[in-house]
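I opened the model to look up two things, the faces of a helix and the pairing in a sheet, and I kept these notes as I went.

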Amino acid sequence: MYRIDIAIIGSGPAGVSAAITARARNMSAVLYGSQRLSDKLEKAHEILNYPGMPRIKGPDLAQALRRHMRDMDIEITQEQVTAVYAMGSYFGVETASGMTEARTVILATGVFSGKPLPGENEFLGRGVSTCATCDGNFYRGKTIAVLGFGSEAPEETKYLATLAEKVYYFPARGRELDPVPANVEQIGGAPLAITGELKAGAVETAGGKYQVDGVFVLRDAVPADRLVPGLVMDGAHAAVDLQMRTNLPGCFACGDLAGTPYQYVKSAGQGNVAALSAAAYLATL
Ligand SMILES: Cc1cc2nc3c(=O)[nH]c(=O)nc-3n(C[C@H](O)[C@H](O)[C@H](O)COP(=O)(O)OP(=O)(O)OC[C@H]3O[C@@H](n4cnc5c(N)ncnc54)[C@H](O)[C@@H]3O)c2cc1C
């Protein structure tokens, strides 16, 4: 199977910067993320500290990054990476459309700030899914809950509603559906736990318990050690050295995932370092 040089996971400033450096160094790279790039970019009202771009609005910085990528023929693969497996001499990068083999991986996923719900990790793969495209078909004609934390949640919920008979949708603030499809019930109360016996069977809120056949938890980022089994963490962050190397040879992390301060310029800088470190690592293979 053909192996790409670098799989870059995440399309915020860190991932985009890594992709630009990878292209400048003639490495074959796939950048996973979305055209929107990053919710955190879209939401920033005015950025005062990005060098060379005084008082730029977040969406305008996103637009500038997209222009830069277009100029260098860098495309975004609009897919969520569901797992990264360290296979020794390469990495298996899993998405809904299959497995890609990469010689190195750069994790630029941003930081997972929330706490997993009780039951979320315990029932993962047993009634809890994080990927509508991967697992939606298993719930044709069934009743499901969708916990819509991530920016893609409204679109993914509309897609799931075309498959499931009934959808209980628990949107985070700003993720509400309007209009609401006929078979979707939008629930106001926050989900507190996913419960069940051998598999996930219900979502509980302060106001009630919703019995379901499966639960989709849609987040923009998941804890990195859940995405990459074997990755050593330092609290909420991937443990890295100054070259952005993680404990897994050939796997690098950058941006918010690599620690505080959470800043655009620091993320972009670390994306650059991670790509150069990946180049140095590839030269040793
Ligand atoms: C409202 C707001 C205002 C801010 N203002 C400023 C400011 O003025 N100055 C400043 O320096 N910083 C500011 N920040 C902080 C800044 O937004 C972050 O430090 C920066 O966005 C981090 O970049 P990143 O590339 O590490 O991660 P992110 O920007 O979080 O991007 C990560 C991307 O990876 C994607 N991703 C995650 N997992 C996967 C996966 N498995 N597969 C595919 N894609 C995945 C996510 O969907 C996301 O798009 C602000 C943040 C917020 C929320």
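I began with burial along H3 in this predicted model, and I found Gly58, Leu61, Ala62 and Leu65 of H3 to be buried. I then asked why these residues fall on the same side of H3, and the reason is that they cover an arc of only 105° around the axis. This agrees with the general rule that an α-helix has 3.6 residues a turn, so residues three or four places apart point the same way.

Turning to the other side of H3, I noted that Arg67, Arg70 and Asp71 are exposed there. I also looked up what covers the buried residues of H3, and the cover includes helix H1 (13-24) and helix H2 (39-43).

For the geometry of H3, I recorded that residues 58-71 make up a helix of 14 residues, which reaches 20 Å from its first C-alpha to its last, close to the 20 Å expected at 1.5 Å a residue. After H3 comes Asp73, and I noted that the phi of Asp73 is positive, near 55°.

My next entry concerns an open sheet of three strands, which has the order E11-E12-E13 and antiparallel pairing. I marked strand E11 (193-196) and strand E13 (208-211) as the edge strands, since each pairs on one side only. Neighbouring strands of this sheet are turned against each other by 30° on average, with direction ignored.

Finally, I followed the pairing of strand E12 (residues 200-205) with E13, which is antiparallel and runs over four bridges. To place one residue in this pairing, I looked up Ala202, whose bridge partner in E13 is Gln211.

Conventions. Residues numbered from 1 in each chain as written. Predicted model: local features only at pLDDT ≥ 70, side-chain atom pairs only at ≥ 80, totals over all residues. Helix = DSSP H or I, 4+ residues; strand = E, 2+ residues; numbered from the N terminus. Expected span 1.5 Å × (residues − 1). Buried ≥ 20, exposed ≤ 12 C-beta atoms within 10 Å, placed from the backbone. Arc of directions from axis to C-beta. Contact = placed C-beta atoms within 7 Å. Pairing = 2+ DSSP bridges. Axes fitted to C-alpha atoms, helices over the stretch in contact; angles between N-to-C directions.
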